[in-house]
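This report covers one protein chain, from its nonpolar interior to its annotated site. The sequence and the structure come first.

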Amino acid sequence: MGNQFELAKKEYEQWGIDVEEALEKLKNIPISVHCWQGDDIGGFEVNKNELSGGIEVTGNYPGKARTPEELRMDLEKAFSLIPGKHRVNLHAIYAETDGEVVDRDKIEPKHFEKWVKWAKEQGVGLDFNPTLFSHEKAADGLTLAHPDPKIRQFWIDHCIASRKIGEYFGRELGTPCLTNIWIPDGYKDIPSDRLTPRKRLKEALDEIFAVEIDEAYNIDSVESKLFGIGSEAFVVGSHEFYLNYALANNMLCLLDTGHYHPTEVVSNKISSMLLFNDKLALHVSRPVRWDSDHVVTFDDELKEIALEIVRNDALDKVMIGLDFFDASINRVAAWTIGTRNMIKALLYGLLMPNEQLKELQEKGDFTKRLAIMEEFKTYPFGAIWNHYCEQMNVPEKEHWLEEIDQYEKEVLSSRK
């Protein structure tokens with residue numbers, strides 16, 4: 001394996017690419033791994049509700065995590081197969097209340113103490129999301145834009161509580177928490193008034209963000225969506241709404257790769273966003289025909305997203321999170337596949353002759369630009385990736401599957 005790496009390294013070095021430097025950079029890029037792949041977005045509320053908000057998880061593969069302890073155990077297994085040090089992204093429904101019914105407007109940092117203790121042990125940071133779906137007060141598809149002020153206030157209070165939990169995470173773990181707000185609000189059919197719901201949403205957000213939270217510990221972001229199940233015709237929190245709101249209020253705009261028109265790609269948005277924002281947040285998913293949240297694969301769009309981050313010198317400006325949920329396959333394997341692919345795509349971007357390609361474009365030499373971009377697709381990238389996995393003490397190639405098979409036999413198969 002070492003000989004393959006040295007030969008591959010020489011090929012890249014002919015283009016002035018410092019492979020060792022690329023691998024050092026890669027070690028310091030954290031991916032925020034979403035907890036909800038492990039239990040099909042069920043959470044651990046005592047008064048658990050059916051999944052709603054236009055979100056659907058399909059499949060019934062055995063071994064779903066049933067408790068916080070099982071979920072953390074599964075995350076640990078996935079992290080043992082993924083190179084690098086990363087983060088965990090939690091939703092509010094993953095609170096641990098020791099059997100007490102605590103509604104979402106009353107959640108507190110103490111309900112996440114076990115997550116923080118575990119994160120300290122694992123050496124990982126935590127990110128957070130208020131959960132504005134799968135609740136009786138979200139049953140009609142409206143939350144922060146709801147015409148009923150009592151329901152609206154409930155969700156405002158929930159988001160305020162969530163920001164305080166994010167601040168607690170950042171303070172305890174020494175790394176800022178990204179607290180991201182996404183809501184399902186919208187209408188199934190064509191609305192007669194688009195402005196009023198958006199006005200209510202703006203006022204609700206203003207109230208949420210009026211509560212002072214230490215930005216050294218908590219970073220706020222807002223996330224748009226094009227449509228959802230039950231909100232096909234109109235979504236209150238559209239891309240234009242949140243883009244303007246984030247710019248006007250000096251906060252992050254989070255782009256989810258599944259939340260746009262099927263012909264739109266997030267990779268094409270990154271450079272524009274970086275011109276006007278110091279930082280940007282991503283939820284990387286894989287839409288298949290719609291926002292279906294398939295496991296991230298090493299496809300052209302993933303590589304293009306990574307290339308845009310690397311070639312624009314934005315590795316410290318873009319906060320990368322994942323967001324997919326597939327219950328038709330082994331859930332720990334899904335985490336492993338998706339996260340390894342995101343890291344792999346970043347390595348692919350780091351090993352491209354980005355400066356030379358930029359110069360060719362500026363000179364108008366589009367022939368060489370296209371030819372070199374195509375030729376690099378078959379450069380010995382795999383040998384560099386395998387070396388990195390070996391260096392980071394995780395299985396190379398597909399050998400991680402052996403550990404997944406063993407974990408399924410010894411642990412997951414006993415869960416009913």
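In what follows, contact means heavy atoms within 4.5 Å. The model is a predicted one.

**Nonpolar cores**

The largest nonpolar core holds 127 residues. L90, L144, F169, L205 and L282 are the members that touch the most others in this core. For L90, leaving out residues up to four places away in sequence, the residues touched are C35, W36, F112, W115, L126, D127, F128, N129 and F169. Apart from this core lies another, of five residues, including L178, I219, L254 and A281.

**Helix 6 and helix 11**

Helix 6 runs over residues 195–209. Its 15 residues span 21 Å from the first C-alpha to the last, close to the 21 Å expected at 1.5 Å a residue. Buried in helix 6 are P197, R200, L201, A204, L205, I208 and F209. These buried residues lie on the same side of helix 6, because they cover an arc of only 160 degrees around the axis. An α-helix has 3.6 residues a turn, so residues three or four places apart point the same way. The elements against which the buried residues of helix 6 pack are helix 5 (149–173), strand 4 (177–181), strand 5 (186–187), strand 6 (218–223), strand 7 (234–235) and helix 7 (239–249).

Helix 11 comprises residues 354–363, with N354, L357 and L360 buried. They cover an arc of only 125 degrees around the axis, and therefore sit on the same side of helix 11. E362 and K363 are exposed, on the face of helix 11 turned away from its buried side. The buried residues pack against helix 9, helix 10 (331–350) and helix 12 (366–375). After helix 11 comes G364, which has a positive phi, near 85 degrees.

**The annotated site and H34**

An unreviewed UniProt entry lists H259, D291 and D293 under "binding site". They are spread over 35 residues of sequence, yet they cluster in space, with a largest C-alpha distance of 9.8 Å.

H259 is placed in the loop between strand 8 (252–256) and helix 8 (267–276). Leaving aside neighbours within four places in sequence, H259 contacts W182, E223, S224, K225, L226 and D291. Another listed residue, D291, is thus among the contacts of H259.

D293 is in the loop between strand 9 (280–284) and helix 9 (300–311). Residues up to four places away in sequence not counted, D293 touches S285, R286, D323, F324 and F325.

Is H259 buried or exposed? With a relative accessible area of 5%, H259 is buried, because buried means under 20%. D293, at 6% relative accessibility, also counts as buried.

H34 belongs to strand 1 (residues 31–34). With a relative accessible area of 0%, H34 is buried. Outside its neighbours within four places in sequence, H34 is in contact with N89, L322, D323, F324 and W335. D323 and F324 appear in the contacts of H34 and in those of D293.

The side chains of these residues reach the following partners.

| Side chain | Partner | Distance |
|---|---|---|
| H259 | backbone oxygen of S224 | 2.6 Å |
| D293 | side chain of S285 | 3.1 Å |
| H34 | backbone oxygen of L322 | 3.4 Å |

Definitions and conventions: Residues are numbered from 1 along each chain as its sequence is written. This is a predicted model: local features need pLDDT of at least 70, side-chain atom pairs count only at pLDDT 80 or more; totals for chains, interfaces and linings use all residues. Side-chain values use heavy atoms; hydrogens and water are left out. UniProt positions are given in the numbering used here, feature names are shortened, and annotations may be inferred rather than shown by experiment. Helices (H or I, at least four residues) and strands (E, at least two) are DSSP runs, numbered from the N terminus. Buried means under 20% relative accessible area, exposed over 50%, partly exposed in between (1.4 Å probe, protein chains only). A polar contact is a pair of N or O atoms within 3.5 Å; within protein, one must be able to donate a hydrogen and the other to accept it, and residues adjacent in sequence count only if both atoms are side-chain atoms. The arc is that of the directions from the helix axis to the C-beta atoms. A nonpolar core is a set of buried Ala, Val, Leu, Ile, Met, Phe, Trp, Tyr and Cys residues joined through side-chain atoms within 4.5 Å. The expected span of a helix is 1.5 Å times one less than its number of residues.
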